[in-house]
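Me: Could you zoom in on one spot in this model for me and work outward from there? I'd like to know how it sits in its surroundings and which parts of the chain meet around it.

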Amino acid sequence: MSIWFLRRKKRRTKGTINCYVTEKAKIEKMETEVIVEKIKDALEKSVKKEIVFLCVGTDRSTGDSLGPLVGTMLKEKTIPYDVYGTLEQPVHALNLEEMIQNIYKKYENPLIFGIDACLGEKQRVGLILFEETPFIPGKALNKGFSEVGDVHLRAIVNYLDPLTPAQTLNNTRLYTVINLAKTITDIICLSIQSKRIE
């Protein structure tokens with residue numbers, strides 16, 4: 001699938017990486033490699049020993065199924081890291097805190113790589129955002145969760161309707177979510193392959 005890469009200015013937070021990817025337009029191979037390199041660098045420069053992928057969401061909502069879809073795809077690719085949150089065993093609002101506690105019990109100092117869906121402006125639907133910062137699961141729905149993880153990828157699966165954000169997630173096209181999940185999976189796998197080769 002062809003994707004479009006747009007670099008944006010870094011936030012003032014030290015160490016933040018902020019860039020977008022979307023499937024809506026064509027780019028050169030070199031531009032795809034830029035985001036792959038950014039993720040690889042973020043993983044390699046971390047002093048934390050173990051990498052864990054935390055894919056948040058539920059398959060009971062089309063828009064919110066992005067995380068479990070990516071988790072399932074990463075497991076099918078047999079990446080060399082633990083993946084929490086799949087279609088079979090999703091990580092969602094009811095078990096998120098328990099899952100995070102389990103991760104910290106299993107790993108002494110893990111780097112948690114978060115994957116989550118989000119809502120945004122209508123013209124930005126389809127964008128994938130990578131940041132070297134924690135993320136807040138369910139932020140658009142005001143779930144009240146604390147920040148989670150160390151780095152993350154989020155995809156804007158639909159536009160934000162402030163009056164009915166939950167309904168907007170439910171009305172999201174599955175086609176959009178699956179395409180975004182495939183793109184995220186490909187980017188992560190390329191980053192991991194590049195990291196292991198060197």
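Reply: Let's start with Thr168, which counts as buried because its relative accessibility is 5% (buried is under 20% relative accessible area, exposed over 50%, partly exposed in between, with a 1.4 Å probe and protein chains only). Keep in mind that this is a predicted model, with local features needing pLDDT of at least 70, side-chain atom pairs counting only at pLDDT 80 or more, and totals for chains, interfaces and linings using all residues. Residues are numbered from 1 along each chain as its sequence is written, and side-chain values use heavy atoms, leaving out hydrogens and water.

Thr168 belongs to helix α4, which covers residues 165-170 (helices, H or I with at least four residues, and strands, E with at least two, are DSSP runs numbered from the N terminus). So who surrounds this buried threonine? Leaving aside residues up to four places away in sequence, Thr168 touches Leu119, Asn158, Tyr159 and Asp161 (a contact is heavy atoms within 4.5 Å). Two of those partners, Asn158 and Tyr159, are part of strand β7, residues 151-159. Leu119 is part of strand β5, residues 111-120. So, with Thr168 being buried at 5% relative accessibility, it's worth following those two strands.

Strand β7 is itself mostly covered, with 7 of its 9 residues buried. It has β5 as a parallel partner over 8 bridges (strands pair if DSSP finds at least two bridges between them). Within that pairing you can pick out Cys118, which stands opposite Ile156 of β7. Strand β6, residues 127-131, also pairs with β7, but in the antiparallel sense and over 4 bridges. There, Glu131 has His152 of β7 as its bridge partner. In short, β7 pairs with β5 in the parallel sense and with β6 in the antiparallel sense.

Now follow the chain past α4. Tyr175 sits in helix α5, which spans residues 174-197. Unlike the buried Thr168, Tyr175 counts as exposed, because its relative accessibility is 54%. There's a long-range relation to check here too: the C-alpha atoms of Tyr175 and Thr62 are separated by 9.7 Å, while the two residues are 113 apart along the chain.

Stepping back, the chain has 5 helices and 7 strands, and its order along the sequence is β-β-α-β-α-β-α-β-β-β-α-α. Of its 198 residues, 53% count as buried. Contacts between distant parts of the sequence show up in the totals: among contacts with a separation of 6 or more, 68% join residues 24 or more positions apart.

One backbone detail elsewhere may interest you if you look at torsions. Thr78 isn't a glycine, yet its phi is positive, at about 50°. Most residues other than glycine have a negative phi. Thr78 lies in the loop between α2, residues 66-76, and β4. It counts as exposed because its relative accessibility is 62%, so you have an exposed threonine there to set beside the buried one in α4.
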